[in-house]
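Open the model in your viewer and keep the sequence panel beside it. The stops below say what to select next and what is there.

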Amino acid sequence: MKAKPSRSLLAISTTALALPGIAIADAPPVNSSLSYQVSNYKEDNLTREESPFGDLGRYDIDVHQFQFISPIGRNFSLQVDANYEDLSGASPWFTTLGPSGSPIVNLSGASGIEDSRSELSVGTRYYLENGSIGGNIGYSEENDYRATYGGISAERHFNNDLTTVSISLSYSSDDIFPTDAEIFNRVISEDKSSTSAAINISQIINQVSTFQTAFSITEQSGFLTDPYKLIDTRPDNKTQIAWSNSYRRYIRGSDAAWHVNYRFYHDDFGVTSHTADMSWHQNFGNTIQVIPMFRYYNQSAADFFTNVDDFSRPATDFQSSDYRLSAFGAISAGLTVKTTVGDWDATLTGERYLANEKYSAFSVSQPSAALVRYFRVSLGLDFSF
Amino acid sequence: MKLIRTLLFFTFSLSLLAACTQVRPWERGILAKEEMAWRTNALEGALNDHIFFSKEASSGGSSAAGGGCGCN
């Protein structure tokens, strides 16, 4: 019987091939892997102060994720991703001025929303001497939304493989067909498209640290309005840019790695945001890893955001009370515990997310009454073979 | 103006990379550790991208955007 290679030896071989400069050519992964993660995140109920009338329950969402990666021959790899999402609950429908003079939220539908989303994406990568090229196509469908998308990417190593430059392009064509359109006087069918490009540069700094900077630009056009708001009118195109920076450092004495990320974002709806997050990947021997994480996010409001819907304005005027376009900040903290047993990895993650206008570094002239808070738990399994 | 400032920061960051030390191939063992990857858990990263996309106004950064969703 053929002896099964030790996981440690496979890991060393895999990482050696993955290291720039070690192998004569770039190479696909040595092993195949099958991964599954199930998650639930539940948004906190609104308070009576935020919504004096009707139900207070918001979204409760279950997510199933699958991923399969495998080498194909000497120079190719295959990746298949499948996701299934099941959600129920209610979302903000419109906002009005409450008895105390503060904005209050009215949630959609007495019976709530039931929806599910399925997504499938297939990609392949071809490995060359100093880099690789790849592409993927995908399809996502839910009760009221359909997206077909594709992308290509290429990367090349330079400077004795200390520097890697990658570029990527993607395009998505989406169809929107809101439920109960005739009952609630919503649009029957609309579409939108999204084109995106990104450039990413990674650099090995020294034996224990690396740095990455990336810039992306996305152009959206078509129906960008939320059809489930009682009144919501947005421009039919949006340009957005994002600049991300990441730093990784290994701490020898602690057998741990420190991750720091920062992103700047701006779009021509008027939203600017800053995102900073860090995590500490602490090893306990070869079988246990504990990863605490902290994230801080804050954004400015869109130019046409209003925290109280103005029904006296013409329907063609841009306005939206969508809390996602308001000025707010958000803090989230989480903990992941990962254990390795043979060819299996198991992870358990808990995360708490709190959005509040007081957390924003930007000026908040119109705080939203519908900011979201949620708790997420995820369980993941990974098998290498 | 903000776009010009962003591009200037980007160019400045690139110039700092020229100060990096030469790391020979046999010295890159630590860099190959799983915990040193840009994204140590692909499914966790994809889930976070999706959740934050549906709860916040921002998206994008490290790669071109993928498919959309209703996500109300």
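Select A:Tyr265 and look across to β14(A): the residue standing opposite is A:Ser273. This is a predicted model, so treat each stop as a feature of a prediction.

Now widen the selection to residues 256-267 and 272-284 of chain A, which are strands β13 and β14. The two strands pair in the antiparallel sense, over 11 bridges. Four residues lie between them in the hairpin. Pick out A:Gly270 there and check its backbone: the phi angle is positive, near 100 degrees.

Keep β14(A) selected and add residues 288-299 of chain A, strand β15. How many bridges join β14(A) to β15(A)? There are 10, and these two strands also run antiparallel. For a landmark, select A:Phe284, which stands opposite A:Ile288 in β15(A). The hairpin of β14(A) and β15(A) has three residues between the strands. One residue to display in that hairpin is A:Gly285, with a positive phi near 70 degrees.

Next, go to A:Tyr353, which sits in strand β17, residues 344-356 of chain A. Is A:Tyr353 buried or exposed? A:Tyr353 counts as buried because 22 C-beta neighbours lie inside 10 Å, and the cut-off for buried is 20 or more. Show its contacts, leaving aside neighbours within four places in sequence: A:Ala330, A:Ser332, A:Arg373 and A:Tyr374. Then draw a distance from A:Tyr353 to A:Ala330, C-alpha to C-alpha; the value is 6.9 Å, although the two residues are 23 apart in sequence.

Colour by chain and turn to chain B. Chain B has 72 residues, of which 42% are buried. Its secondary structure consists of two helices, with zero strands. Colour chain B by pLDDT as well: the mean is 79, and 61% of the residues reach 70 or more.

The last stop is where the chains meet. Select the residues in contact across the two chains: 81 from chain A and 45 from chain B. Within the chain A side, highlight strand β10, residues 190-206, which gives the most to that side, with 10 residues. Colouring the chain A side by residue class gives 31 nonpolar, 41 polar and nine charged residues. For the model as a whole, the scores are ipTM 0.89 and pTM 0.88.

Notes. Residues numbered from 1 in each chain as written. Chains lettered and ligands numbered in written order. Predicted model: local features only at pLDDT ≥ 70, side-chain atom pairs only at ≥ 80, totals over all residues. Buried ≥ 20, exposed ≤ 12 C-beta atoms within 10 Å, placed from the backbone. Contact = placed C-beta atoms within 7 Å. pLDDT = per-residue confidence, 0-100. Nonpolar A, V, L, I, M, F, W, Y, C, P; charged D, E, K, R; others polar. Pairing = 2+ DSSP bridges.
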